[in-house]
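User: I'm new to this one and would like a walk through it. Can we go step by step, with some reasoning for each answer?

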Amino acid sequence: MQSKSLIKLPKLLAPAGSQEAFKAALLTGADEIFLGLKQFNARKRANNFSLDELKEMIFQASEFSTKVLVTLNVLIQQTEFKDLAPILDALESMKVGGVIVQDLGVARFIRKYFPSLRMHASTQMAIHNLYGVDMALELGFKRVVLAREMTLREIKKIREQYPSELIELETFCHGSLCYSYSGLCFFSGAEGGRSGNRGECAYTCRKPYKILSEPGHGFLFSMKDLDTTNLLEKFVEIGIDSLKIEGRKKDAQYVASTVRQYRKALDSMIPQSKKNTDRFQGASSLFRLLDQEKDFSYSRSPTTLFYKSRYEENVIDLNNPTHQGILVGHIERLERRRIQFFLKKPLEAHDGLKIIPKEQLFHAKPQHGVKLHSDPKMLKTRYQNKEIGFSVEAIYADGKKAYYHPGLELIEIVVPEGMPLPQVGDAVFKVRSNALKRSIDQILKIPLAKVRATFRLDAIIEIDRDVQLLKMAIIDRKEEVLFYQKYFELSPSLSREGFLEGLQDIFGLLGEVGVELDLHFKGSFDYLFVPKSHLKEFKREIVERIKGYLTQKKENVSIPVSQTPKQIPFLKRFVSLKIDRPELDQFLDLDAAYRPDELIFEPKKAFLESLGHTYIGDLKKRADLAKVPLRIALPLILRSWDEPFIRSMVQFCLSIGINRFECANIGGLSFLKKESGGKDLDITADFAIYVLNHEAISQLKELGFSKVTLSVEDDRPNIKDLVQSEYRSSQKIILFKDIPLFIAESCSLTALHNGCPTSKVCGYRTLEIEGEDKEIYEVHHELCKSIVLNKKPMSLFPYIQELENLGISHFQVDFITKKYSFEEASQIYLNGLEGRDIMKTTTSNFLKKLL
């Protein structure tokens with residue numbers, strides 16, 4: 001560990017989904033606070049904030065030297081840009097600490113029209129390696145929020161390559177975890193139209209599922225909660241710039257107790273004089289209570305995820321999807337409606353209790369055998385939070401009634417009428433603390449400053465004693481627009497002081513237009529004055545001019561609209577076929593009239609086994625003979641352990657003349673550029689490099705992609721809008737695909753086995769599972785990655801003629817991850833291109849509105 005005097009602490013970034021949570025974060029020591037507006041953020045169902053509220057919050061945060069970051073971490077459809085532009089203009093005027101962005105089109109738009117806005121690359125961009133950070137830097141991002149799945153070793157290598165001066169690194173330290181890589185979850189969007197990439201996540205990973213392929217049921221994808229309080233020294237040693245606490249949908253109790261927990265732990269690493277722990281010394285008793293009761297804020301079982309290593313621990317909780325609180329006892333006796341148990345922790349009236357059955361609700365064959373030991377229906381009860389739970393009215397000990405008990409004694413509690421009765425042996429959890437609530441309520445009573453300023457300008461006030469004049473000029477610092485300037489005759493004053501203070505009082509805040517002036521004084525103001533009446537008249541003139549300027553400025557904020565080509569040129573249908581298994585290369589043997597126009601092959605270690613280079617070389621020869629261009633696809637996820645295999649494949653491909661590649665993550669582009677050594681490559685973008693607007697298409701074309709693939713989540717109206725682009729011929733759409741609903745490092749087999757059993761035991765077997773709605777899914781395991789698919793693939797084959805009429809000529813058919821025989825795949829392919837489906841399929845969101 002470094003010397004305390006040399007330590008640079010990371011910034012502590014806290015969430016705020018409500019005014020109370022914002023205040024809690026501010027008063028308990030957050031260095032930065034991230035929050036969302038009413039539109040365009042990944043937590044649309046949090047309370048979120050208006051622009052007027054944001055203006056005041058930025059001012060309040062500045063009083064504590066805390067910055068406010070605004071989330072714009074969603075994908076934007078084309079028609080929504082008209083609403084985005086004025087928001088960006090307001091954020092730039094307010095000088096927010098930064099904007100958190102996912103959409104590459106939004107990033108391009110910001111760089112072009114709002115260049116002073118500081119951009120942070122959202123974790124929704126799934127940046128998970130050095131190459132992704134490299135691309136983020138090229139795209140103008142000042143900070144990258146790394147994928148949660150990264151290890152400390154991987155982060156350290158990135159830090160060694162990219163110091164903070166080049167680009168800042170942010171990583172999550174606490175809170176709820178998504179099962180899938182953030183930004184790569186399609187379950188909610190593909191199944192219900194509520195896209196997690198647009199702030200409408202339906203939390204399908206928290207639902208219970210029944211295993212059909214073997215005895216079992218449970219919360220197969222419900223992650224434990226991240227808690228890294230024991231890893232903070234590691235983060236500091238690596239040089240992480242920002243530690244992020246998840247939780248914009250959580251309350252002030254969670255925010256206050258979690259921020260306080262990490263603030264104290266971080267401050268303990270630095271000299272006493274630099275500590276930031278107590279912003280209000282008079283509230284120290286409240287903070288002590290907060291420290292004592294912190295475990296009763298929202299939390300599940302803790303995990304450090306993969307920071308220590310990829311195989312460190314089981315990160316899924318099969319038994320519980322929600323807040324479980326702290327165990328305070330087990331029921332020893334039940335008499336009428338009274339339960340008796342030995343109380344392990346303090347308890348008081350109005351605390352919340354939850355009683356959980358002693359038996360685990362989940363069933364896993366590797367742990368419990370073939371015979372089911374629990375009823376799957378109980379999972380639904382727990383998911384809906386309908387288990388026994390109530391507030392304590394009173395506590396009975398030694399026959400006496402009390403409203404507080406310190407614990408470590410046998411007590412009795414009355415279960416309210418109408419509530420089901422528990423059983424002896426059931427566990428009693430304290431899930432809500434009345435003491436914590438009182439503490440938070442008191443903290444939230446601490447007043448914050450109020451301000452009406454909504455816009456900031458510079459005012460240069462200069463004294464020229466030679467001609468006895470005062471010059472005032474009002475300037476928009478961003479655009480260097482001179483609003484107004486005026487000269488005043490100076491008069492002598494008997495007082496040395498007072499003139500400067502008077503100017504600050506009159507001009508510091510122009511409340512009528514919500515403008516704050518940053519005053520810059522030049523020269524000596526001693527023994528001088530200008531009559532206040534003259535200055536106030538000048539203030540009124542400034543206000544009127546600013547009103548006109550702001551109105552005009554707002555009207556001028558717009559986005560250029562792409563012009564529809566006057567004629568739609570007819571282009572011959574072009575079909576790309578994507579495969580990842582050698583047995584499907586028989587498509588090259590079809591008659592020339594039915595062969596794909598392009599073959600895309602994704603080499604996977606899981607399927608190629610020992611074939612490796614030999615197979616790729618033979619495939620190229622066969623493709624050349626069939627006169628079908630061969631394109632090699634990079635994996636969507638390229639971790640450090642995947643890199644040697646993929647690098648070897650790419651280098652071999654380049655050596656035998658393959659120069660066509662496909663990327664599914666922006667980091668892949670950087671990887672290919674580095675590996676090719678400047679060779680001229682034809683690189684296309686797969687659907688996970690999202691394109692939902694013209695700006696995103698333009699950005700990808702500027703980066704050098706020859707083709708872009710429209711999102712499998714998108715709807716028919718937006719696809720029509722996208723086609724109206726100068727890059728119409730550079731767009732392709734996927735007609736058939738098993739959409740990866742989840743793409744995860746968190747292994748469901750590890751959870752079922754209660755720890756990684758090694759591949760010899762798990763066999764990377766595929767699980768067939770059923771959801772609450774009786775929909776069937778498959779959980780595939782490619783080595784140690786989990787990929788969840790719907791049993792029914794997505795198909796737009798019946799709409800191929802409509803898409804061609806729109807002007808789309810390039811289509812793609814995917815047979816990857818799920819195992820298809822050539823007979824199955826070829827029947828689907830040949831019938832599909834005739835506009836027919838031969839199996840049950842879905843249309844994703846093509847026929848409905850994407851939320």
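User: How many bridges join strand S37 to S43, and do they run parallel or antiparallel?

Analyst: Keep in mind that this is a predicted model. Strand S37 covers residues 731-737 and runs parallel to S43. One pair to look for is Ile 733, whose bridge partner in S43 is Phe 811. As for the count and direction, the two strands are joined by four bridges and are parallel.

User: Which residue in S43 is the bridge partner of Lys 578?

Analyst: Here we look at strand S31, residues 574-579, which runs parallel to S43. Six bridges join S31 to S43. In S43, the partner of Lys 578 is Asp 814.

User: How many of the residues of strand S43 are buried?

Analyst: In a regular strand, side chains alternate between the two faces of the sheet, so it helps to take each face in turn. On one side of S43, His 810, Gln 812 and Asp 814 are buried. On the other side, Phe 811, Val 813 and Phe 815 are buried too. For strand S43, residues 810-815, that makes the buried count six of six.

User: Which helix gives the most to the largest nonpolar core?

Analyst: The largest nonpolar core has 208 residues, and Leu 54, Leu 91, Val 99, Phe 221 and Phe 815 have the most contacts inside it. With eight residues, the top helix contributor, spanning residues 81-94, is H3.

User: What is Leu 91 in contact with, beyond its neighbours within four places in sequence?

Analyst: Leu 91 is among the residues with the most contacts inside the largest core. Setting aside those sequence neighbours, its contacts are Leu 37, Leu 51, Leu 54, Val 70, Leu 72, Val 96, Val 99 and Leu 117.

User: How many residues are in the second, separate core?

Analyst: This core is separate from the one just discussed, and its members include Ile 474, Ile 506, Leu 517 and Phe 525. Its residue count is 24.

User: Which strands stand at the edges of the open sheet of seven strands?

Analyst: Follow the order, S17-S9-S8-S39-S40-S41-S38, with antiparallel pairing. At one end, two bridges join S9 (residues 216-218) to S17, and Gly 216 stands opposite Ala 364 there. An edge strand has a single partner, so one of its sides is left without a neighbour in the sheet. The edge strands are S17 (363-364) and S38 (740-744).

User: Why is Cys 185 not bonded to Cys 201, and how many disulfides does the whole structure have?

Analyst: A disulfide needs two cysteine sulfurs within 2.5 Å. The closest cysteine sulfur to that of Cys 185 is in Cys 201, but because it is 5.8 Å away, it is too far for a bond. Cys 756 is in no disulfide either, with the sulfur of Cys 784 at 5.7 Å as the nearest. Across the whole structure, the number of disulfides found is zero.

User: What is the relative accessible area of Asp 398?

Analyst: Asp 398 sits in the loop between strand S19 (395-397) and strand S20 (400-402). Its phi is positive, near 55°, and it is not a glycine. Most residues other than glycine have a negative phi. Asp 398 is exposed, and its relative accessible area is 68%.

User: Where is Asn 754 found?

Analyst: Asn 754 also has a positive phi, about 55°, although it is not a glycine. It is exposed, with a relative accessible area of 53%. Its place is the loop between helix H22 (748-752) and helix H23 (759-762).

Conventions. Residues numbered from 1 in each chain as written. Predicted model: local features only at pLDDT ≥ 70, side-chain atom pairs only at ≥ 80, totals over all residues. Heavy atoms only, no water. Buried < 20%, exposed > 50% of the residue type's maximum accessible area, 1.4 Å probe, protein only. Pairing = 2+ DSSP bridges. Core = buried A, V, L, I, M, F, W, Y, C linked by side-chain atoms within 4.5 Å. Contact = heavy atoms within 4.5 Å.
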